[in-house]
Each structure stands twice: as C-alpha cells, then as structure tokens.
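Colleague: I have this chain open and would like to talk through its fold with you. Could you put it up on the screen before we start?

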Amino acid sequence: MQVSLPDAVTARFIEERVRSHVRYTLAREWEDLKPAQMLEAVALAVRDLLAEGALETERRFRAAKPRRVYYLSIEYLIGRSLSNNLRNLGIYELCATTLRRLGVELDDLLELEPDAALGNGGLGRLAACFLDSLATQGYAATGYGINYENGLFRQEIVDGRQAEQPESWRAFGSPWLLRRPEEAVEVPIGGSIEHHTSPTGRYRAVWKDWRSVLGVPSDLPIVGYGGQTVSFLRLYSAHSVRDLDLAAFDRGGYLKAVEERIDDETISRVLYPSDAEEAGRALRLRQEYFFVACAIRDIVRRFEAEHGDLGDLADYVAIQLNDTHPTLAIPEMMRLLVDDRGLGWEQAWHITERVFSYTNHTLMSEALETWPVSLMERIIPRHLLIIYEINRRFIEQVHARWPGDGGRVDRMTLVRTGSETRISMANLAVIGCHRVNGVSRLHSALLRDRLFPDFAEMWPDRFCNKTNGVTPRRWLLAANPGLARLISDSVGDRWITDLDQLQGLSRFAKDRPFRDAFRTVKSGNKERLVRVIAEKTGENVDPRSLFDVQVKRIHEYKRQLLNVLRIAWDYIRITEDGWTPPIARTSIFAGKAAIGYVAAKETIRAILSVASVVNHDPRTAEFLRVVFVPDYRVTIAEAIMPAAELSEQISLAGTEASGTGNMKMALNGALTIGTLDGANIEIREAVGPERFFHFGLTVEEVRDTAVRGVHRPHELLAADPVLARVMESFRVGRWSPDGSGVSQWVYQRLVEHGDQYMLLADFSDYVRAQDEVAALYADPDAWTEAAVHNVAGMGGFSSDRTIREYADDIWAAHPVNGWDRE
C-alpha cells in the first residue's frame, strides 16, 4: 500500500502551517487573533494538505487513464468540513493536541464553522455520502453543482410559525473553496434560432443573439478515509459578463445600469427558489441549465485535454444524473457534440446514451419535473429543438414497436400537451440514459412497474436497483465517537471501510458488560442532545425518557401529523382516562418546510401548538414532552442521530423512495417504527422483523383502497371511537389555545379534505405499534439487546456498498490505487 499523505504530518508541521497562514494569509499577529480567524488559519493549514493530496491523486489518475465518474446533483448537504477532513486524514487527535499546546481548543473551533449551505434534504446528503465513498475507495470521480450564496434558508420559529431568514454561509468567504477563474465557462442564455441547410442538404441550426453568463468554478476538496485520494466537488457561481452601462448610470438610471448584471448573478444566489410565481420558475430553469452547461463543457474540456478523440468519450466518461434536475445535461451534450464539434446526430446520440445514467428519487407526480415549452423557448431555444428531435426519433421507435398504440405514445412522449404544453424531464432522462435506477428494492420495483412500465417493457435491461447507503465515517465514526470506540474495541476497526464487519457485534447482544457500555454511550449522547435542545428551544427534557425522533423534510407524505395524532391520544388518555404510561417519552421533531408549501408550514404550526399544550400541563409533565428543533441541518443531525432511540419512518407505503435517516438512526442504535416503505423493508429484513415495529397498510392495500375509493374519513371515525375522540379534540380547537385555528386546520385537512396520505386508516395500528415500543423500552436489557442487533445488521447500508454497485453495474469504473476491497 502506498504511503498516504498524513504519514508525513507532525505536530511541528501543523503548527508551522497554522502560524504561516496567520501571518501571511490573514496578516495578523498571533496574540490579536479572534476565534473565527483561528478557525480560518487551521482550515487553511488543513487545506494545504488536501491540495497536496489532490495533486498527487490527479497524477495517479492521469497515469492510469481510468473511466472517470462525474456526479451531477443540484444540491449537496455537506455539513461542516474541518472535523470530517481531520478524521479522514487521520490527524484529528494530532491536531487537537497541537492546538491545545498553543492554547486553542479544537472542539471550540469546530463549533464556529458554518454548515455549507449547498443542500436541503436527503437528496443532497446522499450526494455528500457518495462523494465520501468515491474518494475513500479510490475512484476517479468529480462532483458538479452550484456554489449557492445563500442556500435554502435559515429556519427560525417566531410566534409558533416557521420564519425564513437568509442562510449566508459564505458571507465572509470559505477557506475550503479553491477558486478557478481561469477555467470559467461562458454559458449562452436566450436568443433565437436560425435554420440553415448546407449544399449537401444537411440541416443546421444556428443559435444567435444570446447573452452570456459566466460560470466561475470553485473546487471543494473531498478527502477519502486514509487520505490516499482527494477529489473535488466543483461548484459554479454565476457572474455577469456585461459591462456596466456608464451612460445610463450618469443619466441617473442607476437601477437600469445594474439590474441585468444582478439578474445574471441571481442564478447562484439561492437554492430552490420558490416556483409559485413565473419569475421563480424561470430562475429554477436557468439554474438547472446553467449548472449542467458548465458541467458538460468542463467534462468535455477535460476529456479532450487527456484523450482527444470525442468518439472515445463513452469509454472514459460516466455521468450520473442525481434525479431529474440535471436532465438538461442530455440535450446540452447533444448540442455540444453536434453544433460545436460537428458530429453527426446518430454518432452523438450513441455517445450520449452510453455516457449518461439516471437515478430516480421519487414516485410523486408533483416532484417529477416538467417545464413549459414557452419558458424553455425563451431561455434555451436550441435545447428545446434538440428535445423535439430526440422525441421525434424516439416516437418513431415506439410506433415501429407498437403500431397504432396511441395511448402508449401519449404516455411515453416527451411533449405533454394540455392546457399548457410541457416537456417531461423524467421521460427525457429515461430515453437518454443507458441505465435507470431506483434507490430501494421496493422503489425500483414501483419505478419499473408503475411509473415507467412502457419504458421497462421497451428496455427491460435498462432498469435496476441501487439501494441507498450512508457513510459510516460521518455518521458513526465522527458523529458517535463513543459508540465507534466501543465497536472497534469489540470487533476491530475494519468496519470503518467495511461495514459488514458490524455483524460481529451480534455475539455481544446478550453480553451484560457490553450492553452496559452500550447504554452508557447512548446516555452520554442523550445528555449532549438535551443541552442542544435547551440551547435551541429553551425546553428542558428528561434524558431518562425514550427519545422518539422524527427528523426530516416536512411533507404531507412523510406524515408528521400521524405522530402528532398519537401524541394527542397519549395526552387525552392520561388527562381524561387516568392512564399511566409505562415509560416517559420525549417526541423530537425537526425539519424545514418549503417556503411555498402551505400544508407543510401548517404542519409545523400543529406540532408547536400541540407541544405548547402538552409541555405546560403538569398532569403530563412526568410522561410527555414535545420539542421542535429549528433549522435542521447536518450539524443538528450529528447531535440527534446518536441520541435517537426510536426512529419514526412512518410515510404512507409506496411514497418514500428510500430514506437515509432511517439508516443513520439504526446505525447508531435506534429501533425503527415504520411502514413497509422505501428502505424500511430492507432494514427490517437485516435487523430482524422482531426488532422492527411494523404497522400500517402495505403498498398493495394502499393501491386497492385508492382504486376502490373506500378511504372515507367520516366512516373511519364512526368505526373507531379512539380516532373519533382524537379528531374531535382537533375539531373543537383544543390544540389552539392561542385561537390560531391550527387545531381545526388539522381536522379539516384530514377529515374534510379527504386525508390523501391515509393517516386515519393507519392510526389505530400505529398506536398499537407504539404501545409495543413502550412495553419493550420498559425492559432496558431487552431494548438494548435489540438495539445492538440493529447496529450489527446495518452492514449492507454503507454508501461504500452502494458506490461499488454503481461502479460495477452502471459505470464500469474501477478504483485506482485506492481502498483495498479485500
């Protein structure tokens, strides 16, 4: 094995680098440093190591000439970088002791670093885990994304509601980003098309009168565990190339002089602008196009510099589309090959199909992007023509395969007609990629059988499954060092890069000293979370209670309201029926609601309203507590996941693609209560069904109920007196002591408006499962034994395994002197 970079790092080396950056980069005297400046100096010293590693990595890759993998994602939920980089380099303790000798506590510095606001939810966190696994295993890979200035938003709770504030994570710059202005990309937007025919009869489209936006890249280093491979996440910022109109400025037209420049640079200003208005929709389309245009041009530039002949592109390049947001990369690649490089259509399409693959992350129709033709014609007219040509040729194939089947053509076409003609990005991704995968076994089956059945019949080998995973370096080694040490002391430390080694923990499940040590670690993590909750919410919670956790994006299909109904029922039976719960329970919620998603924001209000009633009633103080932790992000998750004891994965069966929060909590010793949805099914198989609290309708039962139209809320209330009591408490406003009306909103949403996600149908079975949870938690030894088995069963849910499957089955990529699989 080659000597990795950290072997040469000493305490003296670290001190010299830090002092050098203090003096020559920051131009400060040591004794005048503020904590934030010390953080920057330490980060820059670590970045020096990463830069050296990246240069060595690139030399190794150029010599080997492997197939390079390019991962395109609209978001990356990176979190903080300093701790993760130090741990992956293997110099965390060395750095901590060196800084302590200099009078600086590393832990204090770590708390000052902002989370990189480049993502929002599971899609972005999965992408970040994948980058870690790609580097750890030595694949030649680069991520591409947008260098958002403000991220999604910083969530605050004001008067019982979500309030959004700017999330300016790099207002003062980021020490991790390596700016590359010399590799900036000029991206054309708007304009019109002229149609020409050559003397030989060949059609040629000329895109003219467009305006340019400059994509300026910055590289975020990604170091694999052990420090052998350092790759990059390349992020593009939008910059205007227009000259300031000084004449207009001098005439007093100040706003006019700068408004177009501001408009250009808004492209990378914020993640997921609201699409409730036309301007927001246009900005989203410009973002997605800008991002892929920069990426594809950069990928082709790199290839031509290394290999030359574009005919060989598919032999050396694999591009993975993370959901539909990057799908415009397909027509952009065709435009570049046909218009800019002069390839014929058939050759260009053959290359494009072989290069691209697509990961679908949702079955929800509203999340499957479609774009109005009128908007695309205004922003990317050339790409629209290319999509039309792709569609024309594809529909000819459909007609040839199924003559006269107009219904099938309507389902498979890229061009959706109706009140507004739109282009289906999901269908474009399926047509333009040689492989399409779902992210759990169930999701992939539904993808093939329900979402894309016609495509699966046409190309059965195109569809496959790649169940998601999480990186154990971030979510166990770094987030839960106490448990990581206990595991390493028990089964060795190979689990860090081979998570299957966790299965060796099963033999300790009945070992009392091990169980005691396991509980001690969990108690310490809970105490830590108690302090975080007190700091973020002002609430004091009992660390001896069951920590019942539902943390994820707020969405109706994730059914946070089902959890709220159960809390309401526990409260009612304590205060009205004299019930004494067998355990104390703290229900912990966290997650952001999209700015324009009214029902999700009302769900947060409902959680907070129920919490205000429960938390202020002395009759339930001993047994119930409800908290909502604001501004959920990676750093908050790193405090919650190790402390969680019950993982709420309660989406309606058939709606959650996979989930990764379920994996993180189980990996940290939480038991799961959940439906048979997404990756829950595979987790249940892995840990044992007796250690998984299953409830609810199955996918088949959900579909049958929907088809027969038998989900009738009023009839469910009439048949179930418990459910009727709970919903009546909402109808009469019991949970709106401030008169806000959110209590009645819950009743109306679920009873009067049809209960789309069947919370009422699953309620009684959910309560039954929760009573089973309480009974088991009342027996600490039995609970801990089950928790140990949960950790032991999570070996298959490493993102390392997922990446190997992508590499072997989709990309045909191989590691280059990286992590040894054996």
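What follows is a chat about the overall build, the cores and a few local elements.

Modeller: Before anything else, please keep in mind that this is a predicted model.

Colleague: Sure. What does the secondary structure of the chain come to?

Modeller: The chain has 33 helices and 23 strands, and 61% of its 822 residues count as buried.

Colleague: And how does the radius of gyration sit with a compact globule?

Modeller: The chain has a radius of gyration of 27 Å, which agrees with the value near 28 Å for a compact globule of 822 residues. Along the principal axes, the C-alpha trace spans about 90 × 75 × 65 Å. Among contacts with a separation of 6 or more, 76% are between residues 24 or more positions apart.

Colleague: Okay, inside now. Which residues touch the most other members in the largest nonpolar core?

Modeller: That core holds 155 residues, and those touching the most other members are Leu-72, Ile-319, Phe-356, Met-376 and Trp-811. Helix H9, residues 278–306, gives the most to this core, with 14 residues. There is also a second, separate core of 124 residues, which includes Leu-77, Val-551, Ile-554 and Ala-639.

Colleague: Which residues is Met-376 in contact with, leaving aside its neighbours within four places in sequence?

Modeller: With those neighbours left aside, Met-376 is in contact with Leu-285, Leu-328, Trp-371, Pro-381, Leu-384, Ile-387, Ile-423 and Met-425. Two of these lead on to a sheet, since Trp-371 falls in strand E13 (370–372) and Ile-423 belongs to E15.

Colleague: What's the strand order in that sheet?

Modeller: The sheet is open and antiparallel, with its three strands in the order E13-E15-E14. Strands E13 and E14 (415–416) are the edges, each pairing on one side only. Two bridges join E14 to E15, residues 422–424, and Val-415 stands opposite Ile-423 there.

Colleague: What lies across E13, E14 and E15?

Modeller: Helix H16, residues 425–432, lies across these strands and runs at about 45 degrees to E15.

Colleague: Changing topic, how many residues are between E3 and E4 in their hairpin?

Modeller: There are two residues between them, and Asp-159 in the turn has a positive phi of about 55 degrees. Strands E3 (154–158) and E4 (161–165) pair in the antiparallel sense over five bridges, with Glu-156 opposite Ala-163.

Colleague: Last one: which residues of H17 are buried, and what do they pack against?

Modeller: In helix H17, residues 441–451, the buried ones are Leu-442, His-443, Ser-444, Leu-446 and Leu-447. The buried residues of H17 pack against strands E16 (435–438) and E17 (463–465), and against helices H26 (680–687) and H27 (699–708).

Key
Residues numbered from 1 in each chain as written. Predicted model: local features only at pLDDT ≥ 70, side-chain atom pairs only at ≥ 80, totals over all residues. Heavy atoms only, no water. Pairing = 2+ DSSP bridges. Helix = DSSP H or I, 4+ residues; strand = E, 2+ residues; numbered from the N terminus. Contact = heavy atoms within 4.5 Å. Axes fitted to C-alpha atoms, helices over the stretch in contact; angles between N-to-C directions. Core = buried A, V, L, I, M, F, W, Y, C linked by side-chain atoms within 4.5 Å. Buried < 20%, exposed > 50% of the residue type's maximum accessible area, 1.4 Å probe, protein only. Rg over C-alpha atoms; globule rule 2.2 N^0.38 Å.
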